Amino acid sequence: MAAIVAGILRHIDHHIEAIHETWMPAVSLLAEMDSRAARLRLAETYRALAPSHDERALAESLAAQRRQELLALFEQYRQLPELARDPVMTEMVGERLTRFLQAHDDWMKSPPREFDAQARVSGALHDLFVELDAAILGLVDKANRHASEEALSADNEIDAALLTLTLLALAAAVTAALWYTRLKRRR
């Protein structure tokens, strides 16, 4: 009975480790990437609306910081084991990130008020951000699905373990009762 329980617990442990070591880091990094991309977009808006050179410089500094954070998070994500990330979708996010950042860099180099339409919701820069955001969220959804599948598998194995233990305990109780009855008849 102990061997059966130990085997079931090993399977459950495998599922829990997969969630903790694979899917949770992926979801966490991707969610943070999505947040940093939005914060970069917000810094672009600050730059577009800056009424003075000083505020524009502050917005540009903030945007540069957000850009570096976003790149660092993407690199961390790329370093996860392949199981934790879909290589094709990761490549797609990388391409969209590169296009967005290139447009961002080009716009940041532009003189004040030139190309400020790029920062608007109807601008090409925003369209690139939306594409990047959709790609990141697609990866988040996929990682969440994998984590949910692992959790469901662990739950199913726990249910099976409880049923097995209940049946084994019941069988042990019936066996003990039969032995007890037999021993009592022999006396």
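In the predicted model, H104 is placed in helix α3, which covers residues 87-109. H104 has a relative accessible area of 2%; because buried means under 20% relative accessible area, H104 is assigned as buried. With residues up to four places away in sequence left out, the contacts of H104 are L40, E44, A63, R67 and L125.

A second position examined in helix α3 is T90. The relative accessibility of T90 is 5%, and T90 therefore counts as buried. When its neighbours within four places in sequence are set aside, T90 is in contact with F74, Y77, R78, R85 and L139. One of the residues touched by H104 is L125, and helix α4 comprises residues 124-186; L139, a contact of T90, likewise has a number that falls in the range 124-186 of helix α4.

W179 is also located in helix α4. In contrast to the two helix α3 positions, W179 counts as exposed, since its relative accessibility is 55% and the cut-off for exposed is over 50%. W179 contributes to a nonpolar surface patch together with L163, L167, L170, V174 and L178. The area of this patch is about 650 Å².

At the level of the whole protein chain, four helices and zero strands were assigned, and the order along the sequence is α-α-α-α. The radius of gyration of the protein chain is 28 Å, whereas the globule rule gives 16 Å for 187 residues; the value is well over that figure, so the chain is more spread out than a compact globule. The C-alpha trace spans about 105 × 30 × 25 Å along its principal axes.

Of the 187 residues in the protein chain, 34% are buried, and H104 and T90 are among the buried residues. The area exposed by the protein chain is about 11,600 Å², of which 61% is supplied by carbon and sulfur atoms. Contacts between residues at least 6 apart in sequence were also classified by separation: 79% of them join residues at least 24 apart.

Taken together, the residues described comprise two buried positions in helix α3, H104 and T90, and one exposed position in helix α4, W179.

How values were computed
Residues are numbered from 1 along each chain as its sequence is written. This is a predicted model: local features need pLDDT of at least 70, side-chain atom pairs count only at pLDDT 80 or more; totals for chains, interfaces and linings use all residues. Side-chain values use heavy atoms; hydrogens and water are left out. Buried means under 20% relative accessible area, exposed over 50%, partly exposed in between (1.4 Å probe, protein chains only). Contact means heavy atoms within 4.5 Å. Patches are made of residues with over 30% relative accessible area and no salt bridge: like charges are joined within 9 Å, nonpolar side chains (Val, Leu, Ile, Met, Phe, Trp, Tyr) within 5 Å. Accessible areas come from the Shrake-Rupley method with a 1.4 Å probe; for residues, only the protein chains shown count as cover. A salt bridge is a side-chain nitrogen of Lys or Arg within 4 Å of a carboxyl oxygen of Asp or Glu. The radius of gyration is taken over C-alpha atoms; the globule rule is 2.2 Å times the number of residues to the power 0.38.
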